[in-house]
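I sat down with this one and kept a running notebook. These are my entries, in the order I looked things up.

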Amino acid sequence: MNEQHIVHFVGAGPGDAELITVKGARLLREADVVVYAGSLVDRELVRTYAPDARVFDSAGMDLEQTTKVLAQAVVDGEKAVRLHTGDPSIYGAIQEQMEELDRLGIGYEVVPGVTSAFAAAAALKQELTLPEVSQTVVITRLAGRTPVPEREQLANIAAIGATLVIYLSISMIEKVVEELLSGAYEPDTPVAVVAKASWADEQVIRGRLSDIAVKVREAGIGKQALIVVGDVLRARSEGLKAKSLLYDKGFTHGCREGIVS
């Protein structure tokens with residue numbers, strides 16, 4: 001499909017302008033029109049990669065308006081980019097936008113980005129999956145103005161005991177703690193809050209379920225923050241329970257024969 005006759009939904013990454021993908025940066029440089037999530041994406045990223053494009057901040061626009069801008073650009077033979085924070089597939093509301101473009105017969109492509117969960121893990125210098133601790137990562141959120149299906153209520157998900165990365169819920173941190181404690185977690189379960197992961201003013205707060213809400217309030221964090229919960233967070237202070245077999249000298253796999261001593 002001709003790149004000039006479609007809309008590109010591009011993941012901008014978590015904040016640091018260098019964390020956009022090579023393809024995403026190229027598409028921004030080539031764009032004639034950019035519609036970006038101004039409340040979440042740093043304007044500097046747009047200035048850096050799309051200095052000559054006509055730029056629209058979607059923070060004050062509705063679905064009909066953003067669709068009209070993007071569709072008109074394609075009809076006019078221009079290159080259009082819809083720039084989303086993080087990765088468009090995580091709380092990006094792109095499905096409804098693609099549905100509108102389908103209705104108009106306009107093609108599109110999605111370019112993935114680095115979601116803030118992974119920027120937060122990098123800030124924490126933390127692996128989210130550890131042998132004999134957790135092999136599952138759940139990305140979720142607390143119900144707010146956007147409802148959550150009953151089966152996905154935070155207390156139900158917490159019963160799994162996996163590593164949780166909770167988006168869009170920091171303003172309700174006390175409720176998050178309450179629901180997690182009613183699941184599989186204990187008051188001493190480690191928690192980390194990363195605000196504006198990868199931005200210049202990134203903040204990291206570490207604690208336990210018993211004290212994290214107070215620490216978050218004292219730090220003045222009320223938005224743009226992720227909550228990471230789980231026993232994997234003990235590894236930095238308590239060490240590993242077990243090591244991965246991947247680099248064990250006695251472990252055989254398709255690229256290496258293990259050495260048996």
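What follows goes from the ground rules to the sheet, the helices, the cores and the charged pairs.

**Ground rules.** I am working with a predicted model, where local features need pLDDT of at least 70 and side-chain atom pairs count only at pLDDT 80 or more, while totals for chains, interfaces and linings use all residues. I number residues from 1 along each chain as its sequence is written, and my side-chain values use heavy atoms, with hydrogens and water left out.

**Entry: the sheet.** I started with the strands, taking helices (H or I, at least four residues) and strands (E, at least two) as DSSP runs numbered from the N terminus. Two strands pair, for my purposes, if DSSP finds at least two bridges between them. I found an open sheet of 5 strands, in the order β3-β2-β4-β1-β5, with parallel pairing. β3 (54–57) and β5 (107–111) are the edge strands; each has a single partner strand, so one side of each lacks a neighbour in the sheet. From one strand to the next I get an average twist of 20°. For angles I use axes that are lines fitted to C-alpha atoms (for helices over the stretch in contact), and the angles run from 0 to 180 degrees between N-to-C directions.

Then I went through some of the pairings. β1 (residues 6–11) runs parallel to β4, with 5 bridges between them, and V7 has A80 in β4 as its bridge partner. I then looked at strand β2 (residues 33–36), which pairs with β4 in the parallel sense over 4 bridges; there V33 has A80 as its bridge partner. β1 also runs parallel to β5, again joined by 5 bridges, and V10 is matched with V111 in β5. Helix α1 (residues 22–30) packs on this sheet and touches β1, β2, β4 and β5, with its direction at about 135° to that of β5. Contact here means heavy atoms within 4.5 Å.

**Entry: β4 itself.** Is strand β4 (residues 80–84) mostly covered or mostly uncovered? I count 5 of its 5 residues as buried, where buried means under 20% relative accessible area, exposed over 50%, and partly exposed in between (1.4 Å probe, protein chains only). A80, R82 and H84 point one way, V81 and L83 the other, and all are buried.

**Entry: α5.** In helix α5 (residues 116–124) I list S116, A117, A119, A120, A121 and L124 as buried. The cover over these residues includes β7 (163–167), β8 (190–195), β9 (203–208), β10 (225–229) and α9 (235–238). Just after α5, I noted that K125 takes a positive phi of about 55°.

**Entry: cores.** I define a nonpolar core as a set of buried Ala, Val, Leu, Ile, Met, Phe, Trp, Tyr and Cys residues joined through side-chain atoms within 4.5 Å. The largest one holds 26 residues, and L164, I173, L180, V193 and I227 touch the most other members. Two or more residues come from each of α6 (154–158), β7, α7 (173–181), β8, α8 (212–219) and β10. α7 gives the most, with 4 residues. I checked I227 and, leaving aside its neighbours within four places in sequence, its contacts include L164, I173, V176, V191 and V193. Apart from this core lies another, of 19 residues, among them V34, V46, V81 and L83.

**Entry: a loop residue.** A200 sits in the loop between β8 and β9. At a relative accessible area of 90%, A200 is exposed. Its C-alpha is 7.8 Å from that of D16, although the two are 184 residues apart along the chain.

**Entry: charged pairs.** My rule for a salt bridge is a side-chain nitrogen of Lys or Arg within 4 Å of a carboxyl oxygen of Asp or Glu. The count by this rule is 13 salt bridges. E44 pairs with R47, closest N and O atoms 3.2 Å apart; both lie in helix α2 (residues 43–49), 3 residues apart, about one turn. E44 is partly exposed at 40%, and R47 is partly exposed at 47%.

R103 bridges to E100 at 2.8 Å between the closest N and O atoms. They too are 3 residues apart, in helix α4 (residues 94–104), about one helical turn. R103 is exposed, at 59%.

R234 and D231 meet at 3.0 Å, N to O. R234 is buried at 18%, whereas D231 is partly exposed at 40%. Last note: R26, E30 and K79 form one network, joined by salt bridges that share partners.
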